[in-house]
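Visitor: I would like a close look at a single part of this structure, taken slowly and with its surroundings in view.

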Amino acid sequence: MEEAIGLARQAVGLTSPNPAVGAVIVKKGKIVGKGCTQPPGKAHAEIVALNSAKQRTRGATMYVTLEPHCFFGRTPPCTDAIVSAGISRVVVGMKDPNNDVNGKGLRLLKSAGIDVAMVKDNYIVQEIRLLNQPHLKYIQTGLPYVVLKAGVSLDGKIATRTGESQWITGPAARNDARLERSMCDAVVVGVGTVNADNPGLGSYGKFRTKKLLRVIIDPALSSHQKSRVFRDEQVLVVHTKKASPQKIIAFTKKNIPLYCAGTRRVSWKKLFDFLGRQGVRGIFVEGGAGVHGSLYDAFLSNPLLLDRVLFYIAPKIIGGKSALSVVGGNGTRSISSVLSLTNVHVSLVGSDMKVDGVFTLY
């Protein structure tokens with residue numbers, strides 16, 4: 001099962017809106033087939049493993065991280081293929097809470113005479129759950145999984161008093177953050193970031209061909225239309241009713257997709273509901289202090305709006321009362337009302353510290 005988890009980990013960020021799954025086939029004590037879920041519309045992990053094993057599947061055991069799917073979607077049911085291949089035993093890491101599956105796959109396999117066992121080791125089950133938090137959250141809530149990322153100084157600043165922000169963290173941290181961003185389906189920034197930094201916000205590394213939706217929070221539609229983020233159709237500008245009809249017409253003429261998500265302020269709940277319906281399962285928020293503060297304030301009223309925090313902390317002190325802090329907005333009134341991160345991991349990336357934690361585990 002650890003081998004299957006390693007295979008699933010290779011697929012994280014490439015399978016959305018499907019979960020990342022790994023499968024291993026063992027016969028007479030030897031691995032004869034293995035695979036992980038391919039991008040949407042292509043083979044699931046079980047099918048890749050069966051094809052890899054070729055004629056050696058009859059009487060073999062399959063280890064799979066998530067309950068095999070049992071319905072016709074983009075691909076035929078994996079349960080049918082497992083039965084046809086003559087697999088005699090299936091060890092499953094965890095049930096899939098998707099209403100179309102949720103135990104049905106296990107029952108179908110059992111009804112075909114296959115011995116089905118569930119992993120009981122809590123540590124292994126936790127590893128599997130962590131791989132598919134976006135899938136699990138969406139199934140439970142209908143909302144995407146939201147990551148808040150920032151590169152900050154030791155004293156929590158993201159810019160100097162003159163507004164200079166490039167670069168606080170080093171190249172290793174920036175590249176790591178690009179990989180983290182690329183594992184999501186959408187990246188959210190504010191209009192201030194777009195106009196000041198003209199970021200590209202593209203996918204990176206092994207994800208470089210992946211289409212990443214770029215979402216710009218721009219209440220009054222004041223972003224520069226020649227910015228790099230508008231290079232293709234993979235963009236969405238989120239405005240409010242403050243935007244003038246003339247601005248809306250100007251963006252529409254440029255074929256730039258728009259979405260109105262509030263009257264005077266952007267409603268994060270409304271925006272995330274909309275993105276969830278579009279198939280977005282993972283959202284990477286890397287805006288400025290205003291975007292971070294607005295999201296955090298909304299999260300304090302609705303804990304479903306933010307799930308994971310990812311800070312890269314540079315060993316630098318910027319100082320100054322007017323230097324920009326990483327999270328603006330109103331914040332909390334008291335220390336007792338501050339919500340703590342759990343499952344926190346701290347590591348060095350180059351010369352910077354990466355702090356990674358979650359508010360909720362699904």
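Which strands does helix α1 (residues 2-11) lie across, and at about what angle does it run to β1?

Guide: This is a predicted model, and what follows should be read with that in mind. Helix α1 (residues 2-11) lies across β1, β2 and β3 (61-66), and its direction is at about 150° to that of β1. Helix α2 (residues 45-53) also packs on the sheet, where it touches β1, β2 and β3, and its direction makes about 140° with that of β2.

The sheet beneath these contacts is an open one, made of five strands in the order β2-β1-β3-β4-β5, with mixed pairing. Because β2 (30-36) and β5 (115-118) each have a single partner strand, they stand at the edges, and one side of each is left without a neighbour in the sheet. From one strand to the next, the twist averages 20°. In general, the strands of a sheet pair through backbone hydrogen bonds, either parallel or antiparallel. Here β1 (residues 22-27) and β2 run antiparallel and are joined by six bridges, with K27 standing opposite K30 in β2.

Helix α1 also leads to another helix, since α1 is included, along with β3, β4 (89-94) and α6 (133-141), in what covers the buried residues of α5. In helix α5 (residues 122-131), those buried residues are I124, V125, E127, I128 and L131. They cover an arc of only 155° around the axis, and therefore lie on the same side of α5. N122 and Y123, on the other side of α5, are exposed. At the N-terminal end of α5, D121 acts as a cap, with a side-chain oxygen 2.9 Å from the backbone nitrogen of Y123.

For a further example of strand pairing, one can turn to strand β12 (residues 308-313), where five of the six residues are buried, so that the strand is largely enclosed by the rest of the structure. Strand β6 (residues 145-152) runs parallel to β12 and is joined to it by six bridges, and within this pairing G151 stands opposite Y312 in β12. Strand β14 (residues 352-358) pairs with β12 in the antiparallel sense, again over six bridges, and there I313 stands opposite M353 in β14.

Terms used:
Residues numbered from 1 in each chain as written. Predicted model: local features only at pLDDT ≥ 70, side-chain atom pairs only at ≥ 80, totals over all residues. Heavy atoms only, no water. Buried < 20%, exposed > 50% of the residue type's maximum accessible area, 1.4 Å probe, protein only. Helix = DSSP H or I, 4+ residues; strand = E, 2+ residues; numbered from the N terminus. Pairing = 2+ DSSP bridges. Axes fitted to C-alpha atoms, helices over the stretch in contact; angles between N-to-C directions. Contact = heavy atoms within 4.5 Å. Arc of directions from axis to C-beta. Polar contact = N/O pair within 3.5 Å; in protein donor to acceptor, adjacent residues only side chain to side chain.
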